[in-house]
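This report covers a metal site, a ligand pocket and one histidine. The structure comes first.

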Amino acid sequence: MDNCIFCKIVRGEIPSTKIYEDDNVLAFKDLHPVSPVHVLIIPKIHFANLHVMSASEEGLKALGEIYRALPEIVRLVGLEEKGFRLINNCGASAGQSVMHTHFHLIGGRSLGTRIL
Ligand code: 5GP
Ligand code: ZN
């Protein structure tokens, strides 16, 4: 996707602070962190959102690759013991602003018991 910000980050056309990378997955620091740890985890392949992604075999495979990488990403940001919140905003009304599926990995402070 030529004009997708996250595809540009995957291609190295926009700089990012990378935390983890493999053939299928990239994790990098969010530009506007909401907690001491705020990392975005994305598939390297472009899917517009989680709903679209989970409707195809290719997308399900890419989701599996993200979950495969998750323990290592969590270890790299030091949240193994503390725990974390993993968030996906799917669609504009859920607050999705970048239309390339991504998970927010958030932690490093007490996040409370409420989602909102
Ligand atoms: P959404 O609102 O779509 O769930 O989350 C998009 C996230 O991407 C936001 O938290 C925003 O700060 C982050 N973001 C937007 N543009 C960039 C960018 O160019 N680089 C990085 N590292 N994060 C970005
Ligand atoms: Zn993209």
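## Zinc site

Donors are N, O and S atoms within 2.8 Å of the metal (3.2 Å for Na, K and Ca); water is not among the atoms, so sites may look incomplete. For the zinc ion (ligand 2), the protein donors are Cys4 (SG), Cys7 (SG), His46 (ND1) and His100 (ND1). They lie 2.0 to 2.3 Å from the ion. The angles among the four donor atoms are 107 to 117°, and the site is tetrahedral. Four donors earn that label if all angles lie between 85 and 135 degrees.

The donor residues follow the spacing C-x2-C-x38-H-x53-H in sequence. Cys4 sits in the segment before α1 (5-11), and His46 in the loop between β3 (37-43) and α2 (50-53), so this pair ties together parts 42 residues apart in sequence. Helices (H or I, at least four residues) and strands (E, at least two) are DSSP runs, numbered from the N terminus.

Cys4 counts as buried, at 10% relative accessibility. His46 is partly exposed, at 23%. Buried means under 20% relative accessible area, exposed over 50%, and partly exposed in between (1.4 Å probe, protein chains only).

## Basis of the model

This is a predicted model: local features need pLDDT of at least 70, side-chain atom pairs count only at pLDDT 80 or more, and totals for chains, interfaces and linings use all residues. Residues are numbered from 1 along each chain as its sequence is written, chains are lettered from A and ligands numbered from 1 in the order written, and side-chain values use heavy atoms, without hydrogens and water.

## Ligand 1

Ligand 1 is surrounded by 16 residues (a heavy atom within 4 Å). The closest are Lys29, Asp30, Gly95, Ser97 and His104.

A backbone N or O atom of Lys29 is 2.8 Å from a nitrogen atom of ligand 1. Polar side-chain atoms reach oxygen atoms of the ligand from Asp30, at 2.5 Å, and from Asn89, at 2.9 Å. The protein covers 83% of the 520 Å² of accessible area that ligand 1 has on its own (Shrake-Rupley method, 1.4 Å probe).

## His38

Where is His38? It lies in strand β3. His38 is buried, with a relative accessible area of 7%.

The side chain of His38 makes a polar contact with the side chain of His104 at 2.8 Å. Such a contact is a pair of N or O atoms within 3.5 Å; within protein, one must be able to donate a hydrogen and the other to accept it, and residues adjacent in sequence count only if both atoms are side-chain atoms. A polar atom of the His38 side chain also lies 3.1 Å from the backbone nitrogen of Val34.

Methods
Four donors count as tetrahedral if all angles lie between 85 and 135 degrees; four count as square planar and six as octahedral if opposite donors are over 155 degrees apart and all others between 65 and 115; anything else is irregular.
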